[in-house]
Amino acid sequence: MKEVQSFHHCPSNLSSAILSSSTVLRIYPPLLPSKSIVSPKVSLNKICSSLKSPNKQTGISLTSILRVIPDWADGIKEERMQKKRSLYSHEDWVQHRSSLRHVRHFMSSLSSRVVLSLFPPVIAFTSVAAVVATYNSAVSTWHLLPDFFPILRASPLPYQLTAPALALLLVFRTEASYSRYEEGRKAWTKVIAGTSEFARQVIASVGSTDDDTNTPLKNALLQYIMAFPVALKCQVIYGSDFVKDLQNLLDKDDLEVILNASHRPRCIIEFISQTIQLLHLEESKRTVLESKVSCLHEGIGICEQLMGIPIPLSYTRLTSRFLVLWHLTLPIILWDDCNWIVVPATFISAASLFCIEEVGVLIEEPFPMLALDEVCDMLHDSIRESITNEKLIKGQLLAKKKCTSSSTNNGSMRRSMIGRPNS
């Protein structure tokens, strides 16, 4: 087989040069960075340069050209997945239930990551429908092909029988994904509530007077408690910056130890446990504080289970294969009833059904869908406010206690003076 060695200029007919019987282009595997977003613009000069130097691994291959649109859509989807979510306020709920929400959602369709991720399959199956419609028209209407070429058509009865199965498959797939989302949300609710309760227990149980040796350990323990949900958030969300998120919560030496650990949330738990052991506390109070650590371990277990165990892959693959076969044969089934309308009909069907399947895939990984950054910030503000209010509230209560004791002593002295006989 003769390979193309060099070109003095780019051929005018690129397809004929590629498909020539005397020369065959060597197709190279794509050398695309795994984390980069591929630009959809591929210039003709770049293709010509790849034809001139096929021995170089930088040449554009057929596979890389076909992957331009899927890689572009995947890049946008992954970029949007890392976007920070925010908690809803009252104004957000008013807009959420507004009667104009349908218009707003429709106008923003082209900026939706779900819609953009549908471009590859929808374009592919719509193109297949156009090819089938062109072939059938060339055979039956235009008479461009010999009579022995068959028209691609079939009875719609198989589709009528399998349509309920596809609908149930999509419903169960989306429901299973939403169950995972709900489980992740409940797990983080327990983590935040348990961390807040742990911090409150530390503030109430550990003394913090100026000459108390527990004061620096107490402050360090509260820092570790506040750092735990942030470390867990960074552990379950891809692309999180541990250093940026934790540098304002921990000392430099502690942060270095945690960053060198293989499992950073468990390393923070070890810091918490060791600090509790060093505190000068009654055994009953120490036992109460140690019991709060179990909530943190439970949160780690649930989050790691959700991250490491997806919905059974056989179920996901079956749904994908069912959808692909359905839309590959849809133009053949609809040809007798729709003719060229099979093209828009396939487009609408692919966009609708693949959109439902795409939503199920997106929410299967629940943590990027949650506003974890804002939840952690609210927790930190709450703990810091509790620390600030502790001294203020304790001072006011001590002042009231002092006034009450003074009033009691004055009343006792007055009663004793009244009851004393005159000399």
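## Surface and overall make-up

Start from the outside: the protein chain has an accessible surface of about 26,000 Å², and carbon and sulfur atoms account for 61% of that. This is a predicted model. On the inside, 34% of the chain's 423 residues count as buried.

As for secondary structure, you're looking at 17 helices and zero strands. Take the contacts between residues at least 6 apart in sequence, and 74% of them turn out to join residues at least 24 apart.

## A look at helix H14

Helix H14 covers residues 283–308, which makes 26 residues. At 1.5 Å a residue, a helix like that should span 38 Å, and the end C-alpha atoms of H14 do sit 38 Å apart, so expectation and model agree.

Which residues of H14 are buried? The list runs Arg-286, Leu-289, Val-293, Leu-296, Gly-299, Ile-300, Ile-302, Cys-303 and Leu-306. The cover over these buried H14 residues includes helix H9 (157–205), helix H10 (214–236) and helix H13 (264–278).

## How far to trust it

Across the protein chain, pLDDT averages 82, and 80% of the residues score at least 70. Confidence peaks in H13, at 95, and that helix is among those covering the buried residues of H14. At the other end of the scale, helix H1 (residues 14–18) has the lowest confidence, with a mean of 36.

Residues 1–59 have a pLDDT below 50. Leaving aside near neighbours in sequence, that stretch still has 57 contacts in the model.

Notes: Residues numbered from 1 in each chain as written. Predicted model: local features only at pLDDT ≥ 70, side-chain atom pairs only at ≥ 80, totals over all residues. Heavy atoms only, no water. Helix = DSSP H or I, 4+ residues; strand = E, 2+ residues; numbered from the N terminus. Buried < 20%, exposed > 50% of the residue type's maximum accessible area, 1.4 Å probe, protein only. Contact = heavy atoms within 4.5 Å. Areas by Shrake-Rupley, 256 points an atom, 1.4 Å probe, with all protein chains shown as cover. Expected span 1.5 Å × (residues − 1). pLDDT = per-residue confidence, 0-100.
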